[in-house]
Protein chains: 2
Amino acid sequence: MVAKRTTIKDIAEAVGVSTALVSFALNDGNKKYRVSEEMVRKIRSVAREMNYQPNSAAKSLRSGRTDTIGVILSDISNRFFADIARCIEDEASEAGITVMIGSTDENPRKFERLVDVFLNKGVDGFIIVPCEKSVHVIRRLVEAKVPVVLIDRTYADLDVSSVTLNNRKATMLAVDELYGQGFRKIRFITYHTTISNIVDRETGYVESMRKYGLEDEISVSKIKYENILENMRKLIPQVLEDGVEALIFSTNRLAIDSLVVLREIGKKVPEDVAVIAFDGSETFAFDLYYTTVSYIKQPIEKFGTEAFSVLSKLIKTGDTRDYKTVVLHPELIAQESSKKK
Amino acid sequence: MVAKRTTIKDIAEAVGVSTALVSFALNDGNKKYRVSEEMVRKIRSVAREMNYQPNSAAKSLRSGRTDTIGVILSDISNRFFADIARCIEDEASEAGITVMIGSTDENPRKFERLVDVFLNKGVDGFIIVPCEKSVHVIRRLVEAKVPVVLIDRTYADLDVSSVTLNNRKATMLAVDELYGQGFRKIRFITYHTTISNIVDRETGYVESMRKYGLEDEISVSKIKYENILENMRKLIPQVLEDGVEALIFSTNRLAIDSLVVLREIGKKVPEDVAVIAFDGSETFAFDLYYTTVSYIKQPIEKFGTEAFSVLSKLIKTGDTRDYKTVVLHPELIAQESSKKK
DNA sequence: TGTTTTAGCTTAATCGTTTTAGCATAATTA
DNA sequence: TAATTATGCTAAAACGATTAAGCTAAAACA
């Protein structure tokens, strides 16, 4: 620990006043208390001289606030979440708020433990990317009136603030593009999951295919979260045999591993099969590919900034009943991989 | 804030004992205080029933410890650092310690502010990836006897714990491989910087070239940190005109952007020029490339685990004079991109 | 039986702040 | 001039935990 930190009492003694006055002089921005201009200057200067750093533990204990928020992601080493974390951190830092970060690895027990730890630390609120089977924890938070904002995924039956993508629109854009290019046999490749955003992406695909009268062409392949590359090695050849002309992926990871497999088996994109990926945030990946990859773009920074702004308001007003759901809009970045050749 | 949290006082009243006894019953692992078995059971069960969660602000205020560490990186959305952060977080979580994360963007002022904020929050120690022009801040910490462990980069003139890579050995391995393959005109491409690890990589390259009697072939290209891709578009054609046969990059980012440029101008790897990248942590990038990329591998997880372990010891013993420098070892992953064809 | 030891508990101080209530003194008003 | 109001400050309680010191009754000892 630092040798011996200056406290408000030390300053009070040095100046020859009470600790209360020091506190007023240092904090009272809105002049609720009456302190002479001169005294304020004097105290501030002594504080600076003595290198005073307020003790936040004491501050929190007294005020009940910590100026700290908890951010719980599924995995910080996933670029999409890392970028979001980064944005939140920037915003928070700007506002003088500290961020605690935790990864759940989609493990509900880890999730629950993280929430408890953060609650103990007294975070003022949470920004959470919920994982599967964790509704009950979120519900608990909401019922306890803890300020919470969900990101990326949400629960329709929970009165909770959230910032999500219009996921149905996202895949619709993809189908629009492929249909416009003349593709008809379009397959959607996704995970086995109940997570809302992924499910919505499927819905969007299905609805859009219907819109174009392609009910008979609707086809979805679902794989497990584990061993994606291995699974793709089995799946992709089958898909091609089925005569599929174009692929839409529900996530980036799926797209990348499929592209790897396509390269392995010597198939060309888009000549042999067209591709639209979801999210270009693993940018580098596509950079090195021989053709530019079309993808659905999410406004990543907005996830972070909006979530932080909603949470701030929740914390300030203290009224968690007044929740807010922000829906962000996807954009299709059409490049070579979805062109009809 | 949570409705109304149970305090130790509530439990004391419920059981009909003093708060001291409750504290003893809940915390005293080493039986320093004498509490009857029965009472311990009773208090613990009531605490569970009332869903007691200790107030960490109060705990910290009293004990001076927070069970929280500060991790300051250059950029959390950089995969290498995100992975390290992830490891630290895992280790910390295991040990019941919370992590606060901050990114400096290689900005010394941001760095200084983060350190101050974390100090105010009373972190028990720091794990830091230092950025340029921040020695003085680190020195201040060291002199104030704050437990600090530096990662990835360090300062030779500072008595501070660190976990770094044997960077000289890293580039030596690369030269070894290329020389072994028969390349002679080998160029090292790096940043303009004074950061220790990058400088060491250059030294390793130079020394190794000397070792093979290639003094005359020693050639280093340095570019600025900004607009890497643009800079590469100018640099790479020149390099090829110079008749360079092989490239060693001091960072991943440089390697990736160069590969992009090489593809853009229609040059083949390794036929037109061989390549060894630094660090394969942006794995995806290389996955999609048409050829497998040779790279110097850093034991990423070890950066995290070792740093945390060293820091834990520092915090426990409180003896920051007894610092420890861990040097990790690189490994060369030789693949297609460095083969002589 | 009287004294010492010990087990089991309580009291109260403490950590560094914030904040309510109140106390002089000076300035303003009637 | 006396009453009122403003100004600038202080005293002390509170936040929730930990912990040194002390107290009481029972157990152990001589």
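The following exchange goes through the central sheet of chain A and the interface between chains A and B in a predicted model.

Residues are numbered from 1 along each chain as its sequence is written, and chains are lettered from A in the order in which they are written. In this predicted model local features need pLDDT of at least 70 and side-chain atom pairs count only at pLDDT 80 or more, while totals for chains, interfaces and linings use all residues, and side-chain values use heavy atoms, with hydrogens and water left out.

Colleague: Which are the edge strands of the open sheet in chain A?
Modeller: Strands here are DSSP runs of E of at least two residues, and helices are runs of H or I of at least four, both numbered from the N terminus; two strands pair if DSSP finds at least two bridges between them. The sheet has 6 strands with mixed pairing, in the order E7-E6-E8-E9-E10-E12. Those that pair on one side only are strand E7 (219–223) and strand E12 (331–333) of chain A.

Colleague: Which residue of E10(A) is the bridge partner of Ile276(A)?
Modeller: Strand E9 (residues 274–278) and strand E10 (residues 294–297) of chain A run parallel and are joined by 3 bridges. In E10(A), the partner of Ile276(A) is Ser294(A).

Colleague: At about what angle does helix H9 of chain A run to E6(A)?
Modeller: Axes are lines fitted to C-alpha atoms, for helices over the stretch in contact, and angles run from 0 to 180 degrees between N-to-C directions; contact means heavy atoms within 4.5 Å. Helix H9 (residues 196–211) lies across E6, E7, E8 and E9 of chain A, and its angle to E6(A) is about 165°.

Colleague: How much area do chain B and chain A bury between them?
Modeller: Buried area is the accessible area (1.4 Å probe) that two parts lose on being put together, summed over both. In this pair, 60 residues of chain B are in contact with 60 residues of chain A. Carbon and sulfur atoms carry 51% of the buried area, which comes to about 4,900 Å².

Colleague: Which residue of chain A forms a salt bridge with Arg86(B)?
Modeller: A salt bridge is a side-chain nitrogen of Lys or Arg within 4 Å of a carboxyl oxygen of Asp or Glu, and the rule finds 6 of them across the interface of chain B and chain A. For Arg86(B), the closest N and O atoms are 2.4 Å apart, and the partner is Asp105(A).
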